[in-house]
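Trainee: Please take a close look at one part of this protein for me, the nonpolar patch on the surface. Then show me how the rest of the chain is arranged around that picture.

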Amino acid sequence: TLFLYKTWNIDIFKEFKKAITSPFAIIIYLFIITMALYFSGANYYFTGDDFTWFRWVADSRPSLETFISDFTEANGFFYRPGTKIYFSLMYSIFWLNQTAYHFISFFLHFAVAALIFLISKRILKNYFLSIITAVLFVILSGYQEAVFWISSTGFLFNAFFALLGLLSFIYWRERGRKIYFAISIISVILSLFFHELGV
């Protein structure tokens, strides 16, 4: 439409190239790559420590008191209140439907890859290298255990919040807006609630 009613010269190829290589487009590509790689694993049944979490969740009822006690005591279990609340909510909504748990993990893996792309774009100052970094993170096998193993979802949440905190801190340093600093602090605190690795 713009081309038909233009009042100045529009280079359609240049605009198209800009659109398909924009940061938003790269993030969409990361989502597509993540789903293409992991979608077939959505039907893998629970294994290993997954059953430990489900035993714990089955023995506790999701309530405000339970959620508060998750933050104040470990009850002989891991001190991971965020992960406990996540499993409680997922179990009460999806019960033992492994597909729902896997899709949350796939989405978190994609979100971590998107954050890696945005952070490396800021740190490396090289757009192409940032794309390669994010794509390599998605396809390399080092993080696959955390994606396929339901009980490792705390790692994914931890990585997501830690990287969100780092990106927000970078934005705060660049732009000086206090909202980014607040998001950074909140994100780092949330990362601690999902896995002690957040320290």
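Mentor: Leu37, Ile123, Leu124, Phe128, Leu129, Ile132, Leu136, Ile139 and Leu140 form a nonpolar patch on the surface. Together they have about 820 Å² of accessible area. Keep in mind that this is a predicted model.

Where do the patch residues come from? H6 and helix H7 (127-139) each supply at least two of them. H7 gives the largest share, 5 residues. Take phenylalanine 128 as an example. Its place is in helix H7. Phenylalanine 128 counts as exposed, because its relative accessibility is 56% and the cut-off is over 50%. The general trend is worth recalling here: in soluble globular proteins, nonpolar side chains tend to be buried together.

Now the link between the two helices. Lysine 125 sits in the loop between H6 and H7. Lysine 125 is not a glycine, yet it has a positive phi of about 60 degrees. Most residues other than glycine have a negative phi. Lysine 125 is also exposed, at 66% relative accessible area. A second residue shows a positive phi. Tryptophan 95, again not a glycine, has a phi of about 55 degrees. Tryptophan 95 lies in the loop between H5 and H6. At a relative accessible area of 53%, tryptophan 95 is exposed.

Next, the interior. Threonine 34 lies in helix H2. Threonine 34 is buried, with a relative accessible area of 0%. Which residues does threonine 34 contact, leaving aside its neighbours within four places in sequence? They are Phe39, Phe106, His109, Phe110 and Val138.

Phe106 also appears in the largest nonpolar core, which has 24 residues. Phe54, Tyr86, Phe87, Tyr101, Phe106 and Phe157 touch the most other members of that core. Six helices each supply at least two residues of this core: helix H2 (23-38), helix H3 (50-59), helix H5 (81-94), helix H6 (98-124), helix H8 (144-148) and helix H9 (153-175). Apart from this core lies another, of 20 residues. Phe117, Leu167, Ile170 and Tyr171 are among its members.

Phenylalanine 87 gives a closer view of the largest core. Neighbours within four places in sequence aside, phenylalanine 87 is in contact with Trp53, Phe54, Val57, Tyr101, Ile150 and Ser151. Of these partners, Phe54 and Tyr101 are themselves among the core residues that touch the most other members.

Charged pairs come next. Side chains of opposite charge can pair when their charged atoms come close. The count here comes to 2 salt bridges. One joins glutamate 196 to arginine 80, with the closest N and O atoms 2.8 Å apart. Glutamate 196 is in the segment after H10, and arginine 80 is in the loop between helix H4 (64-72) and H5, so the pair ties together parts that are 116 residues apart in sequence. The two ends differ in exposure. Glutamate 196 is partly exposed, at 42% relative accessible area. Arginine 80 is buried, at 10%.

The other salt bridge is between glutamate 174 and arginine 122. Their closest N and O atoms are 3.1 Å apart. Glutamate 174 is in helix H9 and arginine 122 in helix H6, so this pair links distant parts of the chain, 52 residues apart. Glutamate 174 counts as partly exposed, with 43% relative accessibility.The segment after helix H10 (178-194) also holds glycine 198. Which residues does glycine 198 contact beyond its neighbours within four places in sequence? Asn158, Ser191 and Leu192. The C-alpha atoms of glycine 198 and phenylalanine 161 are separated by 8.8 Å. Along the chain, the two residues are 37 residues apart.

Finally, the whole protein. Its secondary structure comes to 10 helices and 0 strands. Of its 199 residues, 40% count as buried. Among contacts with a separation of 6 or more, 69% are between residues 24 or more positions apart. The C-alpha atoms fill a box of roughly 70 × 40 × 35 Å along the principal axes. The protein exposes about 11800 Å², and carbon and sulfur atoms supply 70% of that area.

How values were computed: Residues numbered from 1 in each chain as written. Predicted model: local features only at pLDDT ≥ 70, side-chain atom pairs only at ≥ 80, totals over all residues. Heavy atoms only, no water. Core = buried A, V, L, I, M, F, W, Y, C linked by side-chain atoms within 4.5 Å. Buried < 20%, exposed > 50% of the residue type's maximum accessible area, 1.4 Å probe, protein only. Helix = DSSP H or I, 4+ residues; strand = E, 2+ residues; numbered from the N terminus. Contact = heavy atoms within 4.5 Å. Salt bridge = Lys/Arg side-chain N within 4 Å of Asp/Glu carboxyl O. Patch = residues over 30% accessible without salt bridge, like charges linked within 9 Å, V, L, I, M, F, W, Y side chains within 5 Å. Areas by Shrake-Rupley, 256 points an atom, 1.4 Å probe, with all protein chains shown as cover.
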